[in-house]
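Here is a friendly walk through one protein chain, written for someone who works at the bench. Have the sequence and the 3D view open as you read.

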Amino acid sequence: MLRICSMLFATVLIVVAWFVVTTTGQLGDPVATHFGSGFVVNGWEQRSSYLRFALSFSTGLPVIVAAIVGWLPRLFPRFVNLPHRDYWLAPERSAATFETIAVRAVLLGALLSVFMGGIHWLILQANAVVPPQLPSKPFWTMLIAFLTAFAFWIWAFWSHFHDVPG
């Protein structure tokens, strides 16, 4: 399962990176990148800097998050905080537990990458109008969808470990 999820994660990273790289050229220079009250622009950035920032946050940050969530428990098992920790980290179950954590970590990374790709799409939309303005309804829809998916991720993670089988 980890292999399949890792391939999915890699595919998401490639698609989001491709989207960011191929669409950033549509933006003017400088790029409206920060929006304040009323979703009106109040900050700008050079297009080349924006591209580096967008790629870092849409691909680099998700990889870092997935690595931290997925691999640190293997490296430092004594710091793992799970319900019924002794049961899940018993020698006969620890490998499966760490794989489950890693699978969920790469899924979290994929979710974060898609969200950051969505933020880039909003930046494209905002810069397509004069003066630049972030579209509020798509922003709120995307933010609520992301937070809902993240809450579900948290619930699924903890509910997996909450009950001890048998």
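Is R85 buried, partly exposed or exposed? R85 is partly exposed, because its relative accessible area is 27%, which falls between the limits of 20% and 50%. Please keep in mind that this is a predicted model.

## Salt bridges

Let's stay with R85 for a moment. Its side chain meets that of D86 in a salt bridge, with 4.0 Å from N to O. The partner, D86, has a relative accessible area of 65%, so D86 counts as exposed.

A salt bridge also joins the side chains of R93 and E92, where the N to O distance is 3.3 Å. R93 is partly exposed at 23% relative accessibility, while E92 is exposed at 60%. The count of salt bridges comes to 2.

## How α1 and α4 pack

Now turn to the helices. When two helices pack, the pair is described by the angle between their axes and by the distance between those axes. Helix α1 covers residues 2–24 and helix α4 covers residues 94–127; the angle between them is about 15°, and their axes lie 9 Å apart. Angles under 35 degrees count as roughly parallel, and α1 and α4 are therefore roughly parallel to each other. The crossing in which α1 passes α4 is left-handed.

R3 is a handy residue to find in your viewer, and you can look for it in helix α1. The C-alpha atom of R3 is separated by 8.5 Å from that of V103, although the two residues are 100 apart along the chain. R3 has a relative accessible area of 69%, so R3 is exposed.

## A nonpolar patch on the surface

Which residues make the nonpolar surface patch of about 610 Å²? The patch is made by I64, I68, L72, L75, F76 and F79. Colouring these residues in your viewer is an easy way to see it.

Take I64 as one member of this group. I64 lies in helix α2, which spans residues 47–75. Its relative accessibility is 48%, and so I64 counts as partly exposed. Being exposed would take over 50%, whereas a patch residue needs over 30% relative accessible area. That is why I64 can belong to the patch while being classed as partly exposed.

Definitions and conventions: Residues are numbered from 1 along each chain as its sequence is written. This is a predicted model: local features need pLDDT of at least 70, side-chain atom pairs count only at pLDDT 80 or more; totals for chains, interfaces and linings use all residues. Side-chain values use heavy atoms; hydrogens and water are left out. Patches are made of residues with over 30% relative accessible area and no salt bridge: like charges are joined within 9 Å, nonpolar side chains (Val, Leu, Ile, Met, Phe, Trp, Tyr) within 5 Å. Accessible areas come from the Shrake-Rupley method with a 1.4 Å probe; for residues, only the protein chains shown count as cover. Helices (H or I, at least four residues) and strands (E, at least two) are DSSP runs, numbered from the N terminus. Buried means under 20% relative accessible area, exposed over 50%, partly exposed in between (1.4 Å probe, protein chains only). Axes are lines fitted to C-alpha atoms, for helices over the stretch in contact, and angles run from 0 to 180 degrees between N-to-C directions. Angles under 35 degrees count as roughly parallel, over 145 as roughly antiparallel, 65 to 115 as roughly perpendicular and the rest as oblique. A crossing is left-handed if the near helix is turned anticlockwise from the far one by less than a right angle, and right-handed if clockwise.
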